[in-house]
Amino acid sequence: MKQFLKSFTPYQIGYLLVVFLLTALFIIFLPDLMLDDMSNTLVVVCSVVATLANPLCELLISKQSKWNFMVDIFFIELPELVICLAMGWYTIAIVTLLFWIPIDIFSFRQWTRHPDSQEQELTVVKRLSWKQGALAVLAILAFGFGVGYLISMLPGAADSYLDALSAAFGMANGILLLLRYSEQWYAWFITLVLYAVLYISSGTYIMLITVAAMLVNTCYGFTRWLIYTKKHAGLEG
């Protein structure tokens, strides 16, 4: 644990401090902009927890650390499950319960089995071929529009196609992350943009801090993984 804590660079520590400070200022000075409906205390608490945990989780992914999956389960997926059910985003709620939580557990086990030969705290990552990437995009779009059509017929469903596409790109991110492919950053970038639209349309403005912070980290993480995969080309396991 001591070695893990020492692995955080000044930039990474500063990044987390800025995100936490912005969240605290938002809660103190702009509480009315957190959610359209502040009457549900549990949803408010879950929004704050997810806002704080998301940037930490993404930073751990950029560091190729398997511990991102544990943070994701307990401090992101469970709180966001509550939020999604309250907002009527049923696709994301179902995907969270049946996909994200199980895949996080499985991913933690998989990443544990592929440590870097020189830096044990890192997990070996790799890249897709262009054909694999094209097939992945087609599968994501087919799933998103197909599920969106089905969800639109459920009573109380909101933003069904946007909801489904967000879930589809998010699932692609999860699968690529499980398999340790750097293209997961592309899927995650699109997921964040779609989430931002959902949060704005629902008035969940506090979550935009999370989106902005994770977009910054997405660029940072993608660069780190790109450098790693180029350096270790042909050696990935």
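## Cysteines

How many disulfides does the count come to? Zero, and keep in mind that this is a predicted model. A disulfide here takes a pair of cysteine sulfur atoms within 2.5 Å. Cys 46 is in no disulfide, as its nearest cysteine sulfur, that of Cys 84, sits 11 Å away. Cys 46 is also buried, at a relative accessible area of 8%.

Cys 219 has a partner problem too: the closest cysteine sulfur belongs to Cys 57, and at 17 Å that is too far for a bond. As for its surroundings, Cys 219 counts as partly exposed, with 49% relative accessibility.

## Helix 5 against helix 7

Now for some helix packing. Helix 5 covers residues 90-112 and helix 7 covers residues 160-178; their axes come within 10 Å and cross at roughly 5 degrees. Angles under 35 degrees count as roughly parallel, so that is what helix 5 is to helix 7.

On the helix 5 side, the residues that meet helix 7 include Tyr 90, Ile 92, Val 95, Phe 99, Trp 100, Ile 103, Phe 106 and Trp 111. Among their counterparts in helix 7 are Ala 164, Ala 167, Gly 170, Met 171, Gly 174, Ile 175, Leu 177 and Leu 178. Sorted by class, the contact of helix 5 with helix 7 has 14 nonpolar, seven polar and one charged residues. The charged one is Asp 163, from helix 7.

## Helix 3 against helix 8

Which way do helix 3 and helix 8 run relative to each other, parallel or antiparallel? Helix 3 (residues 41-62) packs with helix 8 (residues 184-202) at an angle of about 160 degrees, and the axes are 13 Å apart. Angles over 145 degrees count as roughly antiparallel, so helix 3 and helix 8 are roughly antiparallel to each other. Their crossing is left-handed.

Glu 58, Ile 61 and Ser 62 make the contact from helix 3, while Gln 184, Trp 185 and Trp 188 do so from helix 8. By class, the contact of helix 3 with helix 8 splits into three nonpolar, two polar and one charged residues.

## Positive phi in the loops

Two loop residues deserve a look. Gln 64 isn't a glycine, yet its phi is positive, at about 60 degrees. You'll find Gln 64 in the loop between helix 3 and helix 4 (68-87), and with 2% relative accessibility it counts as buried.

Arg 180 is another residue other than glycine with a positive phi, this one near 70 degrees. Arg 180 belongs to the loop between helix 7 and helix 8. Is Arg 180 buried or exposed? Buried, with a relative accessible area of 5%.

Technical notes: Residues numbered from 1 in each chain as written. Predicted model: local features only at pLDDT ≥ 70, side-chain atom pairs only at ≥ 80, totals over all residues. Heavy atoms only, no water. Buried < 20%, exposed > 50% of the residue type's maximum accessible area, 1.4 Å probe, protein only. Axes fitted to C-alpha atoms, helices over the stretch in contact; angles between N-to-C directions. Helix = DSSP H or I, 4+ residues; strand = E, 2+ residues; numbered from the N terminus. Parallel < 35°, antiparallel > 145°, perpendicular 65-115°, else oblique. Contact = heavy atoms within 4.5 Å. Left-handed = near helix turned anticlockwise from the far one by under 90°.
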